[in-house]
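Trainee: Got a minute to go through a model with me? I'd like to start with the overall picture and then look at some details.

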Amino acid sequence: MRRLRGYSCSWTPRPTEGSSCAGPGESWSPSPNSMLRILLSAQTSPARLTGLLLIPPVQPCLVPSKWGNRAFGGDPHSSPVQGLQRLLEQAQSPGELLRWLGQNPTKVCAHHYPVALRRLGQLLGSQPQPPPVEQATLQDLSQLIIGNCPSFDIHTIHTCLHLAVLLGYPSDGPLVCALEQERRSRLPSKPPPHQQPVLDGGQRLEAALSCPRFLRSPRQHLIRSLAEERPEELTPHVMVLLAQHLARHRLREPQLLEAIAHFLVVQEAQLNSKVVQKLVLPFGRLNYPPLEQQFMPCLEKILAREAGVAPLATVNILMSLCQLQCLPFKALQFVFSPGFINHISGTPHALIVRRYLSLLDTAVELELPGYRGPRLPQRHQVPIFPRSLITDRARCKYSHKDMVAEGLRQLLGEEKYRRDLTVPPGYCTDFLLCVSSSGAVLPVRTQDPFLPYPPRSCPRGQDQTVSNPTTRGPAQRVVLMLRERWHFCRDGRVLLGSRALRERHLGLMGYQLLPLSFEELESQRGLPQLKSYLKQKLQALGLHWGPEGG
């Protein structure tokens with residue numbers, strides 16, 4: 001059977017806020033947030049909430065034929081009914097929709113009304129400010145659906161009802177009331193309305209966070225409004241969904257993060273390490289050390305209790321704490337012990353655990369001078385990040401890296417910088433320059449581009465981001481670090497934990513860092529202006545080179 005054109009199951013109308021009924025001579029158009037109001041309503045039942053979030057697909061209309069009932073598209077020859085469906089799908093205005101329905105009464109079947117409503121939603125959502133719709137047009141469309149809804153099957157009734165609500169038709173208006181009445185008449189007897197279950201705050205939050213449409217976009221304003229929910233109504237599953245949502249969309253919401261930290265402390269005895277790793281994830285990713293004073297002692301207790309039960313979860317928790325610079329010595333001694341390393345060697349996740357242990361060992365080397373416990377043996381160490389991070393590879397077409405590379409090529413010459421070079425113990429650099437003691441930019445090919453690791457003299461506790469360096473050793477390296485928009489928490493200037501960790505470690509290893517922010521790069525208009533910008537940045541460090549390109 002051929003698939004109907006225009007009936008992709010992934011389509012959903014744009015959510016709108018409660019509609020306003022226009023008076024005589026006034027136009028009507030929906031406003032943008034009705035779905036959020038319905039979602040946050042304390043009187044929303046589970047069935048209705050689920051129906052509003054997940055719109056069921058429109059069933060095809062069955063057309064009688066000599067072979068029995070066939071769906072549209074089943075016959076290679078177009079039928080009049082199928083032709084009307086195509087006309088509705090291609091209508092360019094609400095008035096045209098109404099004309100096709102009103103002028104073809106013998107060809108209209110129940111299936112065409114949800115098609116018309118869906119096309120109406122597409123017309124209203126196709127522009128940032130959709131044109132107003134005449135009230136008379138909407139009333140006529142409503143009357144057509146009301147007059148024919150007794151012949152609809154239950155699936156068509158549900159579809160029209162969901163689309164009508166999302167398009168902003170009033171919940172107490174004639175169209176929604178007629179469809180609701182037909183829906184109730186087809187269902188078995190139900191308990192009285194006061195006995196229907198009501199979603200509390202935690203259930204509403206879980207329903208919202210579990211919705212596929214919600215998972216695809218941050219909905220930051222909704223997250224903020226849900227921050228006022230009572231913590232006692234929230235379950236571990238709800239808190240995990242919230243933590244994953246914050247981490248996925250880079251939402252550094254202090255009120256919600258503190259609520260997660262408090263929940264972890266209060267529920268510590270009931271949580272296992274597999275749940276805790278998900279609750280701790282946003283703190284490291286968003287570079288947010290919580291204010292909850294018992295947060296670290298609580299995690300140390302959980303690690304001491306659960307470390308041998310779930311090795312991967314244990315290492316994931318330590319990775320988040322590494323980004324926060326809060327590594328507990330006892331947990332490190334456990335994961336670096338021969339017994340733990342031998343235990344994880346034969347597991348399916350052995351490679352990823354060894355990569356995380358290698359990063360933890362680097363953190364011990366660079367940031368924990370007082371640590372005296374076991375370390376990761378050399379034979380088990382692997383490169384930490386052998387390639388660019390996944391987010392950078394996914395967003396490469398939005399990156400400024402190609403533009404900066406061309407600017408450096410014309411300014412310095414290809415032999416005087418290296419791009420995407422991975423330096424020991426496995427950090428990928430954007431652009432690396434070799435600099436002599438006098439500040440001259442040297443060809444990279446003439447000497448080893450890496451600094452020794454472990455560093456011979458680790459400048460612990462010092463910020464190596466360059467401003468005005470005064471002295472240089474004989475083998476200085478300058479790393480140009482692109483700080484793209486997605487390297488920061490959303491709507492803020494805080495670097496993500498993984499980015500801050502990389503810059504911190506590169507600085508502690510002796511590399512001089514020159515950050516290039518996305519705001520500055522976006523303000524450059526054309527290659528000449530970019531070259532001037534890069535020249536100014538490099539000369540501010542006291543660097544010099546020969547003629548451009550050589």
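Mentor: We can take the overall make-up, then cysteines, helix pairs and one loop residue.
Mentor: This is a predicted model, where local features need pLDDT of at least 70, side-chain atom pairs count only at pLDDT 80 or more, and totals for chains, interfaces and linings use all residues. Residues are numbered from 1 along each chain as its sequence is written, and side-chain values use heavy atoms, with hydrogens and water left out.

Trainee: How many helices and strands does the protein have?
Mentor: There are 24 helices and nine strands, taken as DSSP runs numbered from the N terminus (helices H or I, at least four residues; strands E, at least two).

Trainee: And how much of it is buried?
Mentor: Of the 550 residues, 49% are buried. Buried means under 20% relative accessible area, exposed over 50%, and partly exposed in between, with a 1.4 Å probe and protein chains only.

Trainee: How many disulfides?
Mentor: Zero. The cut-off is a pair of cysteine sulfur atoms within 2.5 Å.

Trainee: Why is Cys160 not bonded to Cys149?
Mentor: Because the closest cysteine sulfur to that of Cys160 is the one in Cys149, at 8.7 Å, which is too far for a bond. Cys160 is also buried, at 0% relative accessible area.

Trainee: What about Cys298, buried or exposed?
Mentor: Buried, at 5% relative accessibility. Cys298 of α15 is also among the residues that meet α13, together with Phe295, Leu299 and Ile302. On the α13 side they meet Ala261, Leu264 and Val265, where contact means heavy atoms within 4.5 Å.

Trainee: What classes of residue are in that contact?
Mentor: Seven nonpolar, no polar and no charged. Nonpolar covers Ala, Val, Leu, Ile, Met, Phe, Trp, Tyr, Cys and Pro; charged is Asp, Glu, Lys and Arg; the others, Gly among them, are polar.

Trainee: At what angle do α13 and α15 pack?
Mentor: About 45°, with the axes 9 Å apart. Axes are lines fitted to C-alpha atoms, for helices over the stretch in contact, and angles run from 0 to 180 degrees between N-to-C directions.

Trainee: Switching topic, where is Ser437?
Mentor: Ser437 is in the loop between β6 (427-435) and β7 (441-442). Ser437 is exposed, with a relative accessible area of 52%.

Trainee: How far is Ser437 from Gln476 in space?
Mentor: They are 7.2 Å apart, C-alpha to C-alpha, and 39 residues apart in sequence.
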